[in-house]
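Okay, thanks everyone, let's get going. I'll put the structure up and then walk you through a few bits of it.

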Amino acid sequence: SIRTIRYYSSASGNTSMGLTASTPIITNTTNSNSNNKEEETPEIDVWKQTAKKQPAKVYSDQVSRLTQLHGADLITILRNDICNAKTILDVGTGGGAFAHAYLQHFPNGIPNQTLILSDVSKGMLYYAKKTLRIPPDYQTKIIFQIEDGTKLEGIETDSIDVVVSLFGVFMIPDQEAVLASIQRVMKPKGSVFGNASWILTGSAELAGMGFGVTLHEAFEKPVDAIDPKYSEQTVIPYKKWSQADEVERMLKADFKFDSAKVYRALHTTVWDHDKFWATIEKNPMSNIKDASPEDVERAKAAFTKFVTQDGTYKIDEPLMLTSASNLAVARGLPA
């Protein structure tokens with residue numbers, strides 16, 4: 001990425017840290033190590049070996065730099081809540097995009113605050129820990145914790161001031177379980193849930209305004225060229241989170257928050273054609289990585305046609321690609 005354009009609009013065990021005593025955690029030891037070197041511990045070694053066997057590195061390298069942009073937007077929206085929070089929980093931290101954005105917003109940290117980065121994937125947590133550059137005197141305590149978002153068994157009830165999720169919660173199939181877990185750990189009064197979900201449509205409109213086609217439709221075109229049902233099977237279940245009014249309705253009517261408001265964030269990044277194709281081709285969620293050479297060529301042709309807008313742009317020119325998100329803020333727990 002060589003340029004970013006932002007746009008916003010409103011669419012309508014330490015129990016004092018919220019951890020149960022039995023929960024295995026890796027604390028932010030980088031607070032005492034300015035070079036952010038890995039601890040040589042058995043637990044970190046397990047995480048490292050797990051990361052080598054999973055698509056964690058691909059996600060961390062390719063996607064986290066985009067999700068960080070939307071994470072920065074969510075932090076801006078929640079800034080007052082974050083500044084006054086004692087404990088923040090990130091559900092589905094992935095490669096640590098929220099923490100990266102947090103460090104940019106709060107370069108010195110916030111005294112007496114704890115940020116828990118949780119994910120079900122050991123590999124993701126390994127790369128989050130590896131890529132974060134935390135100053136040795138950082139005032140926020142950062143903890144890396146393995147958690148199933150549908151249970152959050154290691155987080156105490158009524159212990160969290162701010163819960164956030166960047167593109168994690170909306171992809172968990174059991175929506176009722178994950179939202180119930182989040183509401184269980186939130187403090188009864190004054191807590192807030194901030195959630196980011198992708199807007200999966202709108203390429204034609206955005207391209208017509210000069211923003212470039214959306215990253216997600218650029219992903220769908222080549223995989224559908226191989227199997228027209230593929231993106232339907234992998235994307236359709238999450239499209240309800242793509243509609244701002246539906247997100248507000250779900251949070252209030254289905255999950256019983258007192259209030260919910262959705263903001264839209266838009267980021268246009270500039271990509272090189274070949275590098276972006278490599279990102280699509282290696283994406284662990286696509287069907288391209290296991291396709292025949294003939295299918296790969298057909299997928300690449302569909303991708304090229306779409307991102308160049310039927311030849312409007314040349315493949316050796318910088319390509320404008322857009323990522324758009326719904327940033328939801330929900331308050332007031334059900335009785």
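So, Tyr126 counts as buried, because its relative accessibility is 5% (buried is under 20% relative accessible area, exposed over 50%, partly exposed in between, with a 1.4 Å probe and protein chains only). Tyr127 is buried too, at 9%.

Quick caveats: this is a predicted model, where local features need pLDDT of at least 70, side-chain atom pairs count only at pLDDT 80 or more, and totals for chains, interfaces and linings use all residues. Residues are numbered from 1 along each chain as its sequence is written, and side-chain values use heavy atoms, with hydrogens and water left out.

Back to the rings. The whole structure has 8 aromatic pairs (Phe, Tyr and Trp rings, six-membered for Trp, with centres within 6.5 Å; planes under 30 degrees apart are stacked, over 60 edge-to-face, the rest tilted). Tyr126 and Tyr127 make an edge-to-face one, 5.1 Å centre to centre with 75° between the planes. There's also a cluster made of Trp271, Phe276, Trp277 and Phe303.

Now, what about strand β6, residues 162-166: covered or not? Mostly covered, with 5 of its 5 residues buried (strands are DSSP E runs of at least two residues, numbered from the N terminus). Val162, Val164 and Leu166 sit on one side, Val163 and Ser165 on the other.

And its neighbours? β6 pairs parallel with strand β3, residues 87-91, over 3 bridges (pairing takes at least two DSSP bridges), and there Ile88 stands opposite Val162. Strand β7, residues 192-198, also runs parallel to β6, joined by 5 bridges, with Ala196 partnering Leu166.

Methods:
Helix = DSSP H or I, 4+ residues; strand = E, 2+ residues; numbered from the N terminus.
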